[in-house]
Amino acid sequence: MKASTAGWLFAAPALTVIGLFFGLPVVAALALSLTDFDIYALADPGNLRFVGLGNYVGLLQNPLFWKSLGNTLYFVIVGVPLSVAMSLGAALLLHSKVGRLKPFFRTAYFAPVVTTVVAVAVIWRYLFHTRYGLVNWGLSVLGIDAIDWLGDPRWAMPTIILFAVWKNFGYNMIIFLAGLQSIPEDLYEAARIDGANTWKQFRHVTLPMLGPVLLLVSILTMAGYFQLFAEPYVMTQGGPLESTKSVLYLMYEEGFKWWNLGNASAVAFLLFLLMVATTSGLLWFARRKGVE
């Protein structure tokens, strides 16, 4: 048997599973997005009509879609850098030679990642309660008036961003920590001999050596933040005044609240195209900077 044939035989079970549970649903969703499939078509397939790109054109003319897209981009543009910076900072602290109780803090920082999003979001909703929340109680001690964190459009999205960064930074921290541990100590020693201080060592040794890891973490974080759903669903239900409604939340409402499954599929593919374009742009920028 040829080596290539044997390879395909070994890969066949995995490829079959991927095809059945990923490829086939994607193709079905794409076909669905070209129809007006809704609750009436569920009752009688004869009500199903082919509308071509009508769903996509309708979404691009829908102000709510652009509002949701703006909220999602706001979440990504603010949340991704904060999450990456917090992850890198925590990894640097854990990697530092002067650090103490490293196993404890490594576990404590990673613990939010493995907790249930819904359960933790409910706790955070009470922490930021306008009248009884611990956060506003702390502000009152400092003489600051209470803030309606989840009921004010100006504060709702920053509060969700803060929660998402706290919830997810531990995963990236572990990746950064592995990257830091793979940097040869000889490079730092050579930099110290040349007179480089701590900041210059970080800038000229740590960051360049972490380039591929930083790229990976950025792509993973960005992909996850584009799929904002659970946080606003539990904490604000997309409000107030649609200020926390994301594209994925809009897709959920279209598909499972109003049963416009064709429209919901179109939302999903528009989000997919946006994520592909953003990721491609990030990869292009990384190649220009020599990161591989």
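**Close-up views of an all-helix predicted model**

**View 1. Valine 113 sits in helix α5, which covers residues 102–114.** This is a predicted model, so keep that in mind for every view here. Valine 113 has a relative accessible area of 23%, and because buried means under 20%, this valine counts as partly exposed. Leaving aside residues up to four places away in sequence, valine 113 touches Lys167, Asn168, Gly170 and Tyr171. Phenylalanine 169 makes a nice landmark too: 56 residues separate it from valine 113 in sequence, yet the two C-alpha atoms are 7.7 Å apart in space.

**View 2. Helix α6 packs against helix α8.** Here we look at residues 117–127 (α6) and residues 153–181 (α8), whose axes are 11 Å apart and meet at an angle of about 135°. That angle makes α6 oblique to α8. As for handedness, the two helices cross in the right-handed sense. On the α6 side, the residues to look for are Val117, Val120, Ala121 and Trp124, and they meet Leu162, Phe163, Trp166 and Lys167 of α8. Sorted by class, that contact holds seven nonpolar residues and one charged residue, with no polar ones.

**View 3. Helix α4 crosses helix α11.** α4 takes in residues 63–95 and α11 residues 211–226; their axes come within 9 Å and cross at roughly 145°. This crossing is right-handed. From α4, the contact uses Thr72, Leu73, Phe75, Val76, Gly79, Val80, Ser83 and Val84. From α11, Leu214, Val217, Ser218, Thr221, Met222, Tyr225 and Phe226 join in. By class, you'll find ten nonpolar and five polar residues where α4 and α11 touch, and no charged ones.

**View 4. Stepping back, the whole protein chain has 14 helices and zero strands.** Follow the chain from the N terminus and each element you come to is an α. Its C-alpha atoms fill a box of roughly 75 × 75 × 35 Å, taken along the principal axes. Out of 292 residues, 37% count as buried. The chain exposes about 17,200 Å², and carbon and sulfur atoms supply 70% of that area. Among contacts with a separation of 6 or more, 67% come from residues 24 or more positions apart.

Definitions and conventions:
Residues numbered from 1 in each chain as written. Predicted model: local features only at pLDDT ≥ 70, side-chain atom pairs only at ≥ 80, totals over all residues. Heavy atoms only, no water. Axes fitted to C-alpha atoms, helices over the stretch in contact; angles between N-to-C directions. Helix = DSSP H or I, 4+ residues; strand = E, 2+ residues; numbered from the N terminus. Left-handed = near helix turned anticlockwise from the far one by under 90°. Contact = heavy atoms within 4.5 Å. Nonpolar A, V, L, I, M, F, W, Y, C, P; charged D, E, K, R; others polar. Buried < 20%, exposed > 50% of the residue type's maximum accessible area, 1.4 Å probe, protein only. Areas by Shrake-Rupley, 256 points an atom, 1.4 Å probe, with all protein chains shown as cover. Parallel < 35°, antiparallel > 145°, perpendicular 65-115°, else oblique.
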